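Please find below a short note on the strands of this structure. It is written for a colleague who has not met the structure before.

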Amino acid sequence: MDGAPILNGALRVEGNCITEIGQEGELTPKEHEEIIRFDEHVLLPGLINAHCHLDYTCLKGAFFPGQSFTEWIKRLNGLKKSLCDNDFIQSIEDGFKELVDTGTTTVFNVEAMPNLIPHLSKPPIRTYWFLELIDLRNKLATDSLLLGSLAFFEDKKDDWVGGFGLSPHAPYTASPQLYRLAKQCARQFNMPITTHIAESLEEQTMFLYGEGPLYEFLKDLGRDMSDCAQGSALSHLIEYSAIDQNVIAAHVNYLQEYDWPLLEGTPLHIVYCPKCHEFFGHTRFPLEKLEDIGCNIMIGTDSLASNNSLDLRAEIRHARLYYPHLTSREWIQMITTRPAKALQLQDKLGCLKPGAYADLIALRLPSQTDPYEAVIRSKSPPELVMVNGKVLDPLLITTSS
């Protein structure tokens, strides 16, 4: 993704980084150097899933598509109460397995239960854990309360790759004050921040008109509804200085005309989740206009509570039915270079170049010769997955003499 495809390409990995790249004849194997050889394959950066909830992998098939967003939330909350910590731990580990099997080497995972972190096995891929923050009933009074909640970062093991971030859940569950505190904390500790914005029509109706099923549901839970009937969900956050251009915003499906100038002034990193979008029957995602005003569009799967797989290639195959003008390369950028940019790691992730992390996959090349198209059409597991310079399947390694 750092340039044109290289025919008969080769690269060298030392430690956790790529140190050389070029054609095979340009790189001479060193004595006792481990070599992995492929014929008729595409070697590319590992895929990056820009929005996921691994906690809910175990809920695959538990929801019918097309139902009310509010009813989906109610059922999700009910099912969560029936699960124990071990269920969620197994769910996260099953999710990691599916991500690896579909070529993902980095995931932005929103973690609703940070108490699980110390009990997890070492994640097989580069994982950015975003602590979910909600103050539905009680508003935070001081930033010390937020900073205290960050104790879960201390549970990170030294051999885990990735990092931590913050995730004020959504404007209907997190106050502008909580967003501002999260933004302040993210800046102080140089962490990314993600959130859900304008995901559903019911959320938009709540903020625009102060009515609807989501409004009534949250009002019954004790939420202060005085911020409703005051404008859109997006304008609600921007006008309160609750978000800035560094935010990774999932969905952004429903916008008002007055949102566009606001968004143009604060272009966000936006995650489009195509199959989740279809699951809820949302109106057409405004991809073209968002790109035109400078937003960085990425792709995520969301969770298996609103999807049937965590395969980013399947997301692209679904999405491009609606956006045929985009090239195969542009689609692949949405799962490589663009999410890397959102993390401000564009020279380290999402590309194969000297100095980048050695996160890469190899996929068998189908009959067509366009490598970008080959990646999108591929449905088989990768035949190589390398994360941070470590091959996840050691059987593929041979040694030169």
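The points that follow concern strand pairing and burial.

1. The model is a predicted one, and the remarks below should be read accordingly.

2. One open sheet consists of four strands, arranged in the order E4-E13-E14-E15 with antiparallel pairing. Its edges are formed by strand E4, covering 41-45, and strand E15, covering 390-391. Each of these edge strands pairs on one side only.

3. Within this sheet, E4 and strand E13 (residues 360-364) run antiparallel and are joined by five bridges. At the residue level, Leu 43 lies opposite Ala 362 of E13.

4. Strand E7 spans residues 126-133 and has parallel partners. Strand E6 (residues 104-111) is joined to E7 by six bridges, the two running parallel. Here Val 110 stands opposite Phe 130 of E7. Strand E8 (residues 162-168) also pairs with E7 in the parallel sense, over seven bridges. In that pairing Glu 132 faces Ser 167 of E8.

5. How many of the residues of E7 are buried? Eight of its eight residues are buried, and the strand is described as mostly covered.

6. In a regular strand, side chains alternate between the two faces of the sheet. For E7, both faces are covered. On one side the buried residues are Arg 126, Tyr 128, Phe 130 and Glu 132. On the other side they are Thr 127, Trp 129, Leu 131 and Leu 133. Phe 130 and Glu 132, listed together on one side and both buried, are also the E7 residues named in the pairings with Val 110 and Ser 167.

Definitions and conventions
Residues are numbered from 1 along each chain as its sequence is written. This is a predicted model: local features need pLDDT of at least 70, side-chain atom pairs count only at pLDDT 80 or more; totals for chains, interfaces and linings use all residues. Side-chain values use heavy atoms; hydrogens and water are left out. Two strands pair if DSSP finds at least two bridges between them. Buried means under 20% relative accessible area, exposed over 50%, partly exposed in between (1.4 Å probe, protein chains only).
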